[in-house]
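Hello,

Here is the structure I promised to pass on to you. Please have a look at it first, and then read my notes below.

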Amino acid sequence: MEELQKKRSRIMDSRPDVSTIAVCCGTGCQAFGGEKVAQAFREKIAESGLQNSVAIKTTGCHGFCERGLLVVIRPQNIFYQRVRLEDVDEIFNETVINGKIIERLLYITPDGSSKITSEEEVPFYKKQMRLIFGANGNIDPAEIDDYIAIGGYSAIAKVLSSMKPEQVIEEVSAAGLRGRGGGGFPAATKWKSTREAEGEPKYVICNCDEGDPGAFMDRSLMEGNPHSILEGMIIGAYASGSNTGFIYIRNEYPLAVKNAEIAIRQAEEYGLLGENILGSGFNFSVHINRGGGAFVCGESTALMASIEGKVGEPRAKYVHTSERGLYDRPTVLNNVETWANVPLIINRGSAWFASICTENSKGTKIFSLVGKINNTGLVEVPMGITLREIIYEIGGGIPDGKRFKAVLTGGPSGGCIPENLLDLPVDFDELTRVGSMMGSGAMIVMDEDNCMVDIARYFLKFLEEESCGKCVPCREGLKRMRQILDDICEGKGEESHLELLEEMSAAIGDGALCGLGQTAPNPVLTTLKYFRDEYISHIVDKKCPAGVCKALISYHIVNENCTSCRLCVKKCPVGAIEFVDKKIPVVIHQDLCTKCGACKETCKFNAVEIR
Amino acid sequence: MITLKIDGREINAEPGKTVLEAARENNIYIPTLCVNEAVAAYGACRLCMVEVTRGNRKRLVASCLYEVAEGLVVETRTERVVNIRRLVMELLLARCPNSSEVIEMARSMGIDSSRFQSEEDDNSCVLCALCTRVCREVVGKSAISLVGRGTNRKVALPFCEDTDACIACGSCVYVCPTGAIKMEDNGDVRRITWPSSTHEFKMKKCASCGSYFAPEKQISFMIQKTGLEAEKFDLCMNCRP
Amino acid sequence: MPEISVKNETLNCILDRYKRDRGQLISILQDIQAEYNYLPREAVKFVSSELGIPLSQVYSVATFFKAFSLQPRGRHTIHVCMGTACHVRGAAQILQQMENETKTCCGETTKDGKFTLESVNCVGACALGPVVVVDGEYAGQMTVNKVKPLLEKYD
């Protein structure tokens, strides 16, 4: 234990106060050349011989993906956004060497009134409470020393040196930590049940099979701060009496797999994983399993089947997996974010954790704010904050002056929440009460251009494709519901369809085998509840008010706006637009038009409209 | 013994029994399609759903998997239960419009037609997986399995044609509740038709009477399994001493 | 396209990487797919016999998970993200345009073996939506009009 403290001191001593250029290399920023930018900085540092006074740090996701690529110069915390490779020279020469701010790379508030220099003043970050996610911007995920330097692994030291497993369970229980993966089940209850269950060996699993479309907080945590997850798992394993752990990662997340592998290796080298951890006599090893691309494997029993090398098919959970889970042995399964909360609770105490809260939901939650929102990204907020605060104050509202329509929480298992419920405090129970759920934390914002019938159909199609096919209500029922929605979207719907959908939703919710099927009707039910008029428009008026459902719309030229510039004529892939003459508006031949939207996208004069 | 109540009747059951088993022992009918005593319960057809109350908690469970418990109150015909069964039967009727077994079962529940359009291709497989489970759990060969997922799922041989592991015993045919797998013996050939392909297997000739009495691969499997001499399997049932 | 021949040496190497652990079947199949760009039948059979898992079970796993392909794939794999964030920003139109331009259906490979077009349910890069990933490279903020120029970059 003292070893770890000494190590921390040594790491701190070896790191004089140097200027640090933190380059975000999360997946979002990577797409803008994160690694290349970092490399360019490295070369600049080498060229100018400043290796001893300037350091480069490639970090995980900072959360503000909308503004990627993000570069932060520390210790001043100068926040540069939308950085590109060609900006590297200027940043290095002006800011790093001469301490000057480059105005054009600063964040400008949406009203254009002010430019913001420092990271913590950016409105996107200001209202957040980044307890779990904040470290991402400060550490290189591939450097265990970085994690130790910010106090990492001190919770392990505390637990192994001074706490009995039962005390750990009590502490986490008192903190009120509920699972962040969807169900919101109290974490300590699972641990306790596994600890008390008969059967050896016992297992702990970290679920990083983040299949919920639109959610990427687990990915960003695993990529950006894998040691915090490992530390949580080690504590959980100690508490529940396990010596073997698995991290199940989606194969679509290659960087998360890589960083988790590096982290495990480093933790083993430091004696934080393996035999006799920190001299305590406690053994724990962690293995990585990659998923094969199946949403249903987020379900605990399907995930466990998959770790056993089998088809990811769920089974009934009348006996909890905490008693009979992986290989029929007692198994604790928590998701990435849940594990990452554990060291925090141990370090800062359950009372502190429980003070950030609503009555039944404690701590913070990371949401991915995506869709029709100005500030796309990951936000960590205390439970109980309202949807309006998240969407407008942190998210910066809806782009292009469009009108907000709905926010979907809980992914394919969740529901669409309308504008009049925006003051809802976000916690597990409130979201469930309005027919949605917390889920893993995806928040998909939709505006007036999104059709709610189309969204319901989208999720049914998604779930139909992801259904494992084991039980009849899910396999056959979702297909039939989707077909009905297809009909409605194509103008072939009947009013009786709505009642049929409701009846099927109830029976599938009651009858399906696993959570995927049981919650599958939620998007349909909530859109029927809050946006029934849109269904009626499709069925009775044969119109899609949002202009999305192809069979119910057509593209037209707004003659007054058309300059007959011919851009659309050139772009139309099927030659459906005819150029008549100069100064005469072009003509769309409806019989040829495939409604691909290329003309509307191309037109610079707003001369194409959807009717 | 455990005491529980099913549809208002107090009954006794051995610990470890499922609600379905307890019900059947007491002649209480609960419909099923994917249950067979030969294999472990699977919980896929959802016809056996019942509503159970334990303490203050009421919930819907698959009775083929849910174990009896002291004081458990079970209701087998509540509105929610009936709605699930109705939906399942209508869905299966649409999937297998020509399966007499499915039609008959639906009728027994008072369902004559489905509100869903029938599939174009004629299908009588309800994907209960009894065939694949028998092949794995009873025969021990795992020659067939469920392939693909979701609505594309089907019963098939590996690559829809690899018969290496199949001993042509026909267990899958006998266990299928809807007759979706066909088998036909014709001279020295046994032909098995699974929902995805048809294959032929050679039959063994009786050394005495000359009739073809069992698939050669099944005989080899039995020789290997029992450790008996091969000659013991030379004669058909009729010619055995 | 004809099946390619597999080398037992390569397969053994992959199996050893996972200590021939049956629980690592999915990872093993993934590595084989990374090696050959699909799962050759011979490789599936080899894995089955080496790990002692019935062929039917390995085949079930190979057909259950979306990541696996039992058909040879194109030189370039296009993944059109159909996650919710991309969907609300018009991913369906991008996919349709991809189908038009490559003259192939989603899930299939072009006749010349150049592209395999697939959809994926969220790559977790929602800020870039709609996103298309070609051979692991992300192309963000896609529009219908950007499809053709993107494809022209590959040969």
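Across all chains of this predicted model, the count of aromatic pairs comes to 21. One of them joins Tyr318(A) and Tyr66(B), whose ring centres are 5.1 Å apart. Their planes meet at 75°, and since anything over 60 degrees is classed that way, the pair is edge-to-face. This pair crosses between chains. On the chain A side, Tyr318(A) belongs to the loop between α13 (300-307) and β10 (331-335). On the chain B side, Tyr66(B) sits in the loop between β4 (57-62) and β5 (73-75).

Are these two tyrosines buried or exposed? Tyr66(B) has a relative accessible area of 4%, so this residue is buried, given that the cut-off is under 20%. Tyr318(A) has a relative accessibility of 22% and therefore counts as partly exposed.

Chain A has further ring contacts to look at. Ring pairs connect Phe64(A), Phe79(A), Tyr107(A), Phe124(A) and Tyr125(A) into a cluster. There are also positive side chains placed over ring faces: Lys7(A) lies over the face of Tyr270(A), 3.9 Å from the ring centre, and Arg566(A) lies over the face of Phe579(A), at 4.1 Å from the ring centre.

While you are in chain A, do look at helix α22 (residues 522-530). Which of its residues are buried? They are Asn522(A), Pro523(A), Val524(A), Thr526(A), Thr527(A) and Leu528(A). Their cover includes the strand β14 (415-418) and the helices α18 (452-466), α19 (472-489), α20 (496-511), α21 (515-519) and α23 (532-541), which also belong to chain A.

Now for chain C. Its secondary structure consists of seven helices and four strands, and from the N terminus on they follow the order α-α-α-α-β-α-α-β-β-β-α. The C-alpha trace of chain C spans about 50 × 30 × 25 Å along its principal axes. Chain C has 155 residues, and 60% of them count as buried. Among the contacts in chain C with a separation of 6 or more, 61% are between residues 24 or more positions apart.

What does the surface of chain C consist of? About 6400 Å² is exposed, with carbon and sulfur atoms supplying 48% of that area. As for charges, chain C carries 17 positive and 17 negative ones, and the mean positions of the two sets are 3 Å apart.

Enjoy exploring it!

Best wishes

How values were computed
Residues numbered from 1 in each chain as written. Chains lettered and ligands numbered in written order. Predicted model: local features only at pLDDT ≥ 70, side-chain atom pairs only at ≥ 80, totals over all residues. Heavy atoms only, no water. Phe/Tyr/Trp six-rings, centres within 6.5 Å; stacked < 30°, edge-to-face > 60°. Helix = DSSP H or I, 4+ residues; strand = E, 2+ residues; numbered from the N terminus. Buried < 20%, exposed > 50% of the residue type's maximum accessible area, 1.4 Å probe, protein only. Lys NZ or Arg CZ within 6 Å of the ring centre and 35° of its normal. Contact = heavy atoms within 4.5 Å. Areas by Shrake-Rupley, 256 points an atom, 1.4 Å probe, with all protein chains shown as cover. Lys, Arg positive; Asp, Glu negative; His and termini not counted. Charge placed at Lys NZ, Arg CZ, Asp CG, Glu CD.
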